[in-house]
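Colleague: Could you take me through one part of this model up close? I would like to follow the backbone and see what sits around it.

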Amino acid sequence: MTIIGEQPDHSGSRDIASGFETARLWLRRYRLEDASWYAPMSMQNRDHLARYESGNAAMGITTEADAAAVIQGFIESWNARSAFFLGAFRKESGVFVAQIYIGVVNWDLPELELGYFAAVAHTGQGFVTEAAQGALHFCFRELGAHRVRLECDDTNIASYRVAERCGMIREGHLRENHRHADGTLTGTLLYGLLSHEFDS
Ligand SMILES: CC(C)(COP(=O)(O)OP(=O)(O)OC[C@H]1O[C@@H](n2cnc3c(N)ncnc32)[C@H](O)[C@@H]1OP(=O)(O)O)[C@@H](O)C(=O)NCCC(=O)NCCS
């Protein structure tokens, strides 16, 4: 995997690469000009995100100005090194296929958190698994993580299959700890991966 070095970040003691590539994808941090396509993408994916990503910022976007505000937040959190949002794009077409979220749990360990969604038209082709594998490499090699964790709803089979295909270990199961808008109760699966496990 190649780390993309342009657009260095000068907010900390060491530059953080602005993205990376995998076999089929480019992954990069967002730019303000992404707002023009991020707005329609968000609206096209609203139903797809409603059940398991109801709190996702994309859910509140109805205009390009909304999208610009969300992306400005992504840029600021990247610069502050508090969270890293990356878009994943097909190399062959430049089309957006998925988003990767890397949250900072704490920099002392360091422990990071992984999240993702696919654009609904691009599910079922392994893009998220490929992007998440690349993101784990970015977490451990570029950001220096000791541990990466992931949480997902225990009924979100597609999501935990991505985590398991990436080699993440199921570490726990919180039962019926979340009530959905329709009143159904579901639990939370906890996954983790340690640096030395990723190496092996
Ligand atoms: C969770 C989510 C990202 C999973 O998306 P996905 O399309 O299933 O994941 P991938 O892109 O990795 O594709 C994997 C599927 O493509 C298939 N596939 C096809 N070609 C493939 C290839 N070349 N390589 C790998 N897998 C391939 C896999 O077999 C797998 O299908 P399966 O699970 O039925 O076996 C998606 O359902 C989503 O966006 N959900 C809404 C948001 C959400 O829930 N986010 C997670 C919150 S924790």
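**A close look at the backbone and the ligand shell**

Modeller: Happy to! Let us begin at Glu-176, which counts as exposed because 11 other C-beta atoms lie within 10 Å, and the cut-off for exposed is 12 or fewer. Please keep in mind that this is a predicted model. Glu-176 belongs to strand E8, residues 169–179, and its phi is positive, near 45 degrees, although the residue is not a glycine.

Arg-81 is another non-glycine residue with a positive phi, here about 60 degrees. You will find Arg-81 in the loop between helix H3 (64–79) and strand E4. Arg-81 is classed as partly exposed because it has 14 C-beta neighbours inside 10 Å.

From that loop we can walk into the strands. E4 (residues 83–90) and E5 (residues 96–106) run antiparallel and are joined by 7 bridges. Their hairpin has 5 residues between the strands, and Gly-94 in the hairpin takes a positive phi near 80 degrees. Across this pair, Ala-88 stands opposite Ala-98 of E5. Ala-98 also has a bridge partner in E6, namely Ala-118.

E5 and E6 are themselves paired, in the antiparallel sense, over 8 bridges. The hairpin that connects E5 to E6 has 4 residues. Pro-110 is located in the loop between these two strands, and the peptide bond between Leu-109 and Pro-110 is cis, with omega about -10 degrees.

Now to the ligand. Its shell holds 21 residues, and the closest are Tyr-52, Thr-123, Gly-126, Val-128 and Thr-129. Strand E6 (111–118) gives two or more residues to this shell, as do helices H2 (46–50), H4 (127–142) and H5 (157–165). By residue class, the shell comprises 10 nonpolar, 9 polar and 2 charged residues.

H4 deserves a stop of its own. With 16 residues at 1.5 Å each, H4 should span 22 Å, and the 21 Å between its end C-alpha atoms agrees with that. The buried residues of H4 are Phe-127, Val-128, Glu-130, Ala-131, Ala-132, Gly-134, Ala-135, Leu-136, Phe-138, Cys-139 and Phe-140. For reading such a list, it helps that an α-helix has 3.6 residues a turn, so residues three or four places apart point the same way. Val-128 appears in the buried list and is also one of the closest residues to the ligand. After H4 comes Gly-144, with a positive phi near 75 degrees.

Technical notes:
Residues are numbered from 1 along each chain as its sequence is written. This is a predicted model: local features need pLDDT of at least 70, side-chain atom pairs count only at pLDDT 80 or more; totals for chains, interfaces and linings use all residues. A residue is near a molecule or strand if its C-beta atom, placed from the backbone, lies within 6 Å of it. Ala, Val, Leu, Ile, Met, Phe, Trp, Tyr, Cys and Pro count as nonpolar, Asp, Glu, Lys and Arg as charged, and the others, Gly among them, as polar. Two strands pair if DSSP finds at least two bridges between them. The expected span of a helix is 1.5 Å times one less than its number of residues. A residue is buried if 20 or more other C-beta atoms lie within 10 Å of its own, exposed if 12 or fewer, and partly exposed in between; C-beta atoms are placed from the backbone.
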